[in-house]
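Please open the model in your viewer and keep the selection panel at hand. We will go from stop to stop, picking residues and looking at what surrounds them.

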Amino acid sequence: MSDRVILHSDLNNFYATVEKKLFPELAGKPIAVCGDAEARHGVVLAKSEEAKKYGVKTGDVIWEAKRKCPGLVIRPVRFHEYIRQSRAVRSIYARYTDLIEPFGIDECWLDVTHSKIFGSGEEIAQRIRREVREELSLTVSVGVSYNKIFAKIASDLKKPDAVTLVTKENQGEKIYSLPVSALLYVGRATEQKLQRIGITTIGALAQADRDFLTDYLGKWGTTLSLYARGEDTSPVRRMDEKDDLKSVGNSLTYFEDIYKFEDIKRLFYVLSESVAARMKDAGLGKADTVHIWIRDKELQNYGWQKKVRPTALCGEIAEAAYSLFRQRYTARRAVRGLGVTVSGFDRGIEQLTIDSLDGAYEKKARAEEAVAKIREKYGYSKLQRGIMYEDRTVLAMDVRGEHLIRPGKGVDEPTAEGAYDAKSAFSKEKKTESAKEEE
């Protein structure tokens with residue numbers, strides 16, 4: 001059986017590049033796309049190559065970024081435009097394959113194994129790179145390999161506007177010397193655990209005894225061993241594929257530190273609106289488990305979950321998430337990131353209970369359905385929950401975008417480009433393994 005041909009495409013400095021496309025006068029200038037510039041804790045969400053040369057980093061507070069680069073141009077987030085550009089790029093990918101799996105707004109995996117009519121994987125990657133640049137004035141780095149994990153690493157090896165090939169023959173040279181943190185889903189906590197047993201590179205992880213890693217890290221140790229050895233066999237899934245969805249979630253990195261409980265609760269409602277809508281679209285029925293993810297201002301991550309009565313209602317999901325937060329989060333530090341995920345779907349096949357017989361659930365469900373229809377006709381912002389009106393920023397947030405719940409380089413690393421909009425989409429089973437590690 002021949003090897004698969006997998007591409008991983010990563011749009012370079014995506015938000016910042018779109019800003020330059022929209023405003024040509026910004027060409028050659030250092031720019032940063034940021035949260036609310038008036039907010040004390042507004043942060044950099046994306047930066048141009050020119051800004052990078054001054055040391056500006058994603059996550060820098062705006063005043064800090066300006067100190068590094070006095071001429072830095074601050075641009076606001078234009079999420080709807082980024083979505084439009086992302087879709088245009090994906091239409092180019094679709095010329096070569098229908099197996100396109102988004103990994104955030106700016107990244108996708110493509111399976112081109114059966115696209116030989118267009119050439120080799122490397123040739124297809126070069127064609128995509130040229131077409132994206134010439135037709136959309138954007139640049140993309142593409143990794144080519146025989147599995148998703150190595151293709152992702154390959155796309156990071158050379159930027160911007162480049163193609164990198166990783167094969168079984170050259171993976172030792174190109175990948176094994178990289179720090180273990182370069183492996184997808186290895187964040188700070190996992191990296192520190194591995195360092196304690198002398199594993200600092202991907203090569204060392206690949207050579208480590210798998211049984212030992214499983215004993216040390218649990219099931220996640222087995223998964224990381226497979227990833228490091230190039231034995232990942234997970235398929236590239238079509239964007240509309242939903243048969244085997246295990247969970248649905250949404251997360252966001254806010255533009256400033258959050259100190260008040262009422263603000264936390266409000267954002268859980270924002271996230272739960274998206275989660276409930278996506279469950280309905282996917283026909284998953286009700287969920288019996290709510291998971292939350294928290295990132296504090298020191299970029300430490302936490303994750304907990306709880307069983308709930310089966311529900312598909314935004315209000316019940318949000319209240320369960322907030323209740324879990326109040327019970328379990330004891331760090332006494334401001335919060336910067338929040339996430340809500342649900343799992344345990346009944347897929348429309350449910351058992352009768354006293355709760356379902358009393359009609360209360362159905363009344364709430366009808367109310368939420370009515371709200372959804374009004375929003376569908378007049379727009380999301382035209383009808384909001386009362387809790388939203390206490391914060392004008394939240395009123396503008398429609399987090400039902402096309403982001404994945406995506407841990408960046410790992411669940412315990414800062415998220416990359418994206419705030420306000422959140423990083424949302426259908427989570428797959430493997431994505432939850434890294435979150436469980438932090439529970």
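The tour below starts with the whole chain and then moves through rings, a cavity, a helix and a few backbone details.

**The whole chain**

Begin with a cartoon view of the full chain, and keep in mind that this is a predicted model. You should find 17 helices and 13 strands in the chain. Now colour by accessibility: of the 439 residues, 54% are buried. If you draw a contact map, take the contacts between residues at least 6 apart in sequence; 68% of them join residues at least 24 apart.

**Aromatic pairs**

Next, show the side chains of Phe, Tyr and Trp. A pair of aromatic rings is described by the distance of the centres and the angle of the planes. The count for this model comes to 15 aromatic pairs. One of them is made by Phe14 and Tyr15, a tilted pair with 6.2 Å centre to centre and 55° between the planes. Are these two residues buried or exposed? Phe14 is buried, at 1% relative accessibility, and Tyr15 is buried too, at 0%.

For another geometry, select Tyr302 and Trp304. Their ring centres are 5.9 Å apart and their planes meet at 20°, so this pair is stacked, the term for planes under 30 degrees apart. Tyr302 has a relative accessibility of 19%, and because buried means under 20%, Tyr302 counts as buried. Trp304, at 10%, is buried as well.

Keep those two rings on screen and add Phe261, Phe268, Phe325 and Tyr329. Ring pairs link these four with Tyr302 and Trp304 into a cluster.

**Arginines over rings**

Stay with the cluster and select Arg326. Its charged end sits over the ring of Phe261, 3.6 Å from the ring centre.

Then jump to Phe23 and select Arg75. Here the charged end of Arg75 sits over the ring of Phe23, at 4.4 Å from its centre. Arg75 belongs to strand 4, which spans residues 73–76. Is this arginine buried or exposed? At 17% relative accessibility, Arg75 counts as buried. To see its surroundings, show Glu19, Phe23, Leu26, Ile31, Ala32, Val33 and Cys34; Arg75 touches each of these, with residues up to four places away in sequence left out.

**The largest cavity**

Now switch on a cavity display. Rolling a probe the size of a water molecule over the atoms shows where empty space is left. The structure holds two cavities of 30 Å³ or more, and the largest has a volume of about 40 Å³. To outline the largest cavity, select Ser9, Leu11, Ser86, Val89, Arg90, Tyr93, Ile105, Asp106, Glu107 and Cys108, which line it.

Which elements supply at least two residues of this lining? They are strand 1 (6–11), helix 4 (79–93) and strand 6 (107–111). Helix 4 gives the most, with four residues.

Zoom in on Ser86, which lies in helix 4. This serine is buried, at 1% relative accessibility. Setting aside neighbours within four places in sequence, Ser86 is in contact with Phe14 and Ile105. You have already met Phe14 in the tilted pair with Tyr15, while Ile105 is one of the lining residues.

**Helix 8**

Select residues 188–196, which form helix 8, and highlight its buried residues: Thr190, Glu191 and Leu194. Turn the view to look down the axis. The buried residues of helix 8 fall within an arc of 100°, so they line one face of the helix. Just after helix 8, click on Gly198, which takes a positive phi of about 85°.

**Backbone details**

A few stops remain, so switch to a backbone view.

- Tyr185 sits in the loop between helix 7 (171–174) and helix 8. It has a positive phi of about 75° although it is not a glycine. With a relative accessible area of 6%, Tyr185 is buried.
- Ser137 is in the loop between helix 5 (121–136) and strand 7 (140–145). Its phi is near 60°, again a positive value in a residue other than glycine.
- Pro160 is in the loop between helix 6 (148–157) and strand 8 (163–165). A cis peptide bond joins Lys159 to Pro160, with omega about -10°.

Note on methods
Residues are numbered from 1 along each chain as its sequence is written. This is a predicted model: local features need pLDDT of at least 70, side-chain atom pairs count only at pLDDT 80 or more; totals for chains, interfaces and linings use all residues. Side-chain values use heavy atoms; hydrogens and water are left out. Rings of Phe, Tyr and Trp (its six-membered ring) pair if their centres lie within 6.5 Å; planes under 30 degrees apart count as stacked, over 60 as edge-to-face and the rest as tilted. Buried means under 20% relative accessible area, exposed over 50%, partly exposed in between (1.4 Å probe, protein chains only). A charge sits over a ring if NZ of Lys or CZ of Arg is within 6 Å of the ring centre and within 35 degrees of the ring normal. Contact means heavy atoms within 4.5 Å. The arc is that of the directions from the helix axis to the C-beta atoms. On a 1 Å grid over the protein atoms alone, a cavity is a set of points where a 1.4 Å probe fits but cannot get out, and a pocket is an open set with protein on both sides within 12 Å along at least five of seven lines; lining residues have an atom within 4 Å of a point. Grid points are joined across faces, edges and corners, and a volume is the space filled by probe spheres set on the points.
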